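Visitor: Could you walk me through this structure, one question at a time?
Guide: Gladly, let us look at it together.

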Amino acid sequence: MKLANRLNDFEAYLGTAMNLILTKMKEEGKDVINLGLGDPDVTPPEHMRKSLADACYDPNNHHYPSFYSPMPLKQAIAGWYERHYGVQCNPETEVLPLLGAANGLFHIHTCLLDHGDTALVPDPCYPSYVAGVKIAGGIVEPVPLLRENRFLPDLDAIDPDMARRAKMIWINYPNNPTAAHADLDFYARLVDWAKEYDVAVISDNPYSKICFDGYTAPSFLQVPGAKDVGVELNSISKAYNACGWRIGFMLGNPEIIAAMNKIKSHSDRGIFYPLQVAATEALNGPDQFMEERNQMYRERRDVVVEGLRKCGIDVDSPKGTFYIWAPLPQGVSDSKKWCFQVLDEIAVWMIPGSMYGKYGEGYFRIALTHPVERLAEAMDRLNKFLG
Ligand SMILES: Cc1ncc(COP(=O)(O)O)c(C=O)c1O
């Protein structure tokens with residue numbers, strides 16, 4: 001089979017391969033704790049599940065969804081951004097429903113990059129940014145996220161020639177994997193920088209509703225002029241505990257939204273109509289449950305941060321996401337080797353930092369998607385392992 005050369009340029013998504021390994025270990029009777037999974041262990045609120053079930057019973061809801069106007073969903077998305085961030089977007093021209101944020105973050109590269117074009121990509125980052133750039137034939141220029149800069153990109157350190165060459169920059173706060181957060185000052189500087197160098201900003205914000213300690217994550221679109229330079233991706237996956245629904249959205253620059261619409265008119269036939277109905281109700285509906293849910297993640301965060309500190313690991317306590325990004329124990333330098341050794345010896349899986357890029361080496365990521373007792377058990381095992 002004459003497969004395309006581009007397949008050699010990027011790795012398959014790690015989660016899929018790891019799931020096979022972990023499932024096999026479980027079948028062998030091992031009590032595996034998978035701290036790699038960025039998928040909430042809690043369900044969407046009851047009213048969402050009921051509305052999805054009801055919409056499935058309507059015989060009219062099983063056609064190609066592109067035959068229906070997605071307008072109610074677009075209006076709900078625009079309304080949600082206005083309510084939560086005070087951002088106004090025209091539902092017709094500045095809002096695009098997606099099959100999860102992942103759907104948008106894949107196609108955005110085809111919209112912005114021609115062969116050989118440069119994309120500035122944070123390192124470490126969510127791996128699909130790198131894969132997306134390469135599949136589109138673009139060139140990845142890493143922008144280091146360093147602990148001494150609170151894992152924010154140092155815009156002044158980006159070489160001006162490279163900035164002028166770049167067509168896009170990825171931004172993601174609250175951040176996966178580092179769990180770092182950004183404030184509006186940072187976004188304001190970013191918008192100025194993007195205007196100066198004519199670079200499109202793609203802000204990936206699916207953790208915007210997972211925040212603690214009084215912190216509320218802003219939207220990049222809150223900065224005046226942001227829509228001139230970019231778009232934001234968001235989704236109900238983490239905000240509404242609904243990763244499996246595959247509902248996301250993009251808002252902002254109308255030229256990018258029109259380009260995405262053109263690409264997506266060929267790549268898919270839209271969102272299953274009952275999911276559109278239920279997502280519309282969710283976005284228009286109550287969201288008080290998020291407070292209690294975030295309190296749950298905060299308690300889990302505290303158990304893991306305390307557990308790691310007891311192990312002698314100097315970890316920061318994050319204000320957002322359900323991840324902990326921790327430096328490797330003293331004397332360890334190879335995150336991949338160490339994480340697989342931990343898996344082998346104590347059946348706890350944590351993701352090696354190097355999987356997220358060169359600057360991720362020296363760290364590992366834990367997802368707080370397990371009950372407190374299970375996380376405490378994992379920390380206990382780790383403590384004994386590090387002895
Ligand atoms: C940073 C980031 N962007 C995008 C996604 C994909 O989100 P969705 O489920 O909306 O496709 C994830 C999922 O883990 C993520 O961590």
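What follows is a set of questions and answers on this predicted model.

Visitor: Let us start with the overall layout. Which domains does the assignment of the protein chain give?
Guide: One of the domains is made of two pieces of the chain, 5–43 and 289–386. The other covers a single range, 63–284. The assignment names them domain 1 (5–43 + 289–386) and domain 2 (63–284).

Visitor: And what distance separates the centres of domain 1 and domain 2?
Guide: The two domains are in contact, with 32 residues taken from domain 1 and 31 residues from domain 2. Their centres are taken over C-alpha atoms, and the separation is 25 Å.

Visitor: Which element gives the most to the side of domain 1 that touches domain 2?
Guide: The elements giving two or more residues to that side are H12 and strand E9 (323–327). By class, that side of domain 1 has 15 nonpolar, 8 polar and 9 charged residues. The element that gives the most, with 6 residues, is H12.

Visitor: Where does the largest nonpolar core lie with respect to the domains?
Guide: This core has 119 residues, and those touching the most other members are Ile77, Val121, Val201 and Val348. Residues come to the core from domain 1 and domain 2 alike, so its place is between domain 1 and domain 2.

Visitor: Val348 sounds worth a closer look. Which residues does Val348 touch, leaving out those up to four places away in sequence?
Guide: Val348 is one of the core residues that touch the most other members. With residues up to four places away in sequence left out, the residues that Val348 touches are Ile33, Leu35, Val342, Leu343, Ala378, Arg381 and Leu382.

Visitor: Now the helices. Are H12 and H14 roughly parallel or roughly antiparallel?
Guide: Helix H12 (residues 289–310) packs against H14 with the axes 9 Å apart and an angle of about 10 degrees. Angles under 35 degrees count as roughly parallel. The two helices are therefore roughly parallel.

Visitor: Which residues of H14 make the contact with H12?
Guide: By class, this contact has 7 nonpolar, 2 polar and 3 charged residues. From H12 come Glu299, Arg300, Val303, Val304, Gly307, Leu308 and Lys310. From H14 come Val372, Leu375, Ala376, Met379 and Asn383.

Visitor: How is H13 oriented with respect to H14, roughly parallel or roughly perpendicular?
Guide: Helix H13 (residues 335–346) and helix H14 (residues 372–386) have axes 11 Å apart, at an angle of about 105 degrees. The range from 65 to 115 degrees counts as roughly perpendicular. That makes the orientation of H13 to H14 roughly perpendicular.

Visitor: How many nonpolar residues does the contact of H13 with H14 have?
Guide: H13 brings Val342, Glu345 and Ile346, while H14 brings Arg381, Leu382 and Phe385. The contact has no polar residues and 2 charged ones, and its count of nonpolar residues is 4.

Visitor: Is Gln88 buried or exposed?
Guide: Gln88 sits in the loop between helix H3 (71–85) and strand E2 (95–98). A residue with 12 or fewer other C-beta atoms within 10 Å counts as exposed. Gln88 has 12 of them, so this residue is exposed.

Visitor: Is Tyr363 buried or exposed?
Guide: Tyr363 belongs to strand E12 (residues 363–367). Beyond four places in sequence, Tyr363 touches Trp325, Ala326, Pro327, Leu328, Ser335 and Gly353. Because Tyr363 has 22 C-beta neighbours inside 10 Å, this residue counts as buried.

Visitor: Let us turn to the backbone. Which residue does a cis peptide bond join to Asn176?
Guide: In the loop between strand E5 (166–171) and helix H7 (184–197) lies Pro174, and the peptide bond from Tyr173 to Pro174 is cis, with omega near -5 degrees. Pro177 is also found in the loop between E5 and H7. For the cis bond from Asn176, omega is about 20 degrees, and the residue joined is Pro177.

Visitor: What is phi of Ala179?
Guide: Ala179 is placed in the loop between E5 and H7, and with 27 C-beta neighbours inside 10 Å, Ala179 counts as buried. Ala179 is a residue other than glycine, yet its phi is positive, near 65 degrees.

Technical notes: Residues are numbered from 1 along each chain as its sequence is written. This is a predicted model: local features need pLDDT of at least 70, side-chain atom pairs count only at pLDDT 80 or more; totals for chains, interfaces and linings use all residues. Axes are lines fitted to C-alpha atoms, for helices over the stretch in contact, and angles run from 0 to 180 degrees between N-to-C directions. Helices (H or I, at least four residues) and strands (E, at least two) are DSSP runs, numbered from the N terminus. Angles under 35 degrees count as roughly parallel, over 145 as roughly antiparallel, 65 to 115 as roughly perpendicular and the rest as oblique. Two residues are in contact if their C-beta atoms, placed from the backbone, lie within 7 Å. Ala, Val, Leu, Ile, Met, Phe, Trp, Tyr, Cys and Pro count as nonpolar, Asp, Glu, Lys and Arg as charged, and the others, Gly among them, as polar. A nonpolar core is a set of buried Ala, Val, Leu, Ile, Met, Phe, Trp, Tyr and Cys residues joined through C-beta atoms within 7 Å. A residue is buried if 20 or more other C-beta atoms lie within 10 Å of its own, exposed if 12 or fewer, and partly exposed in between; C-beta atoms are placed from the backbone. Domain bounds come from an automatic or database domain assignment.
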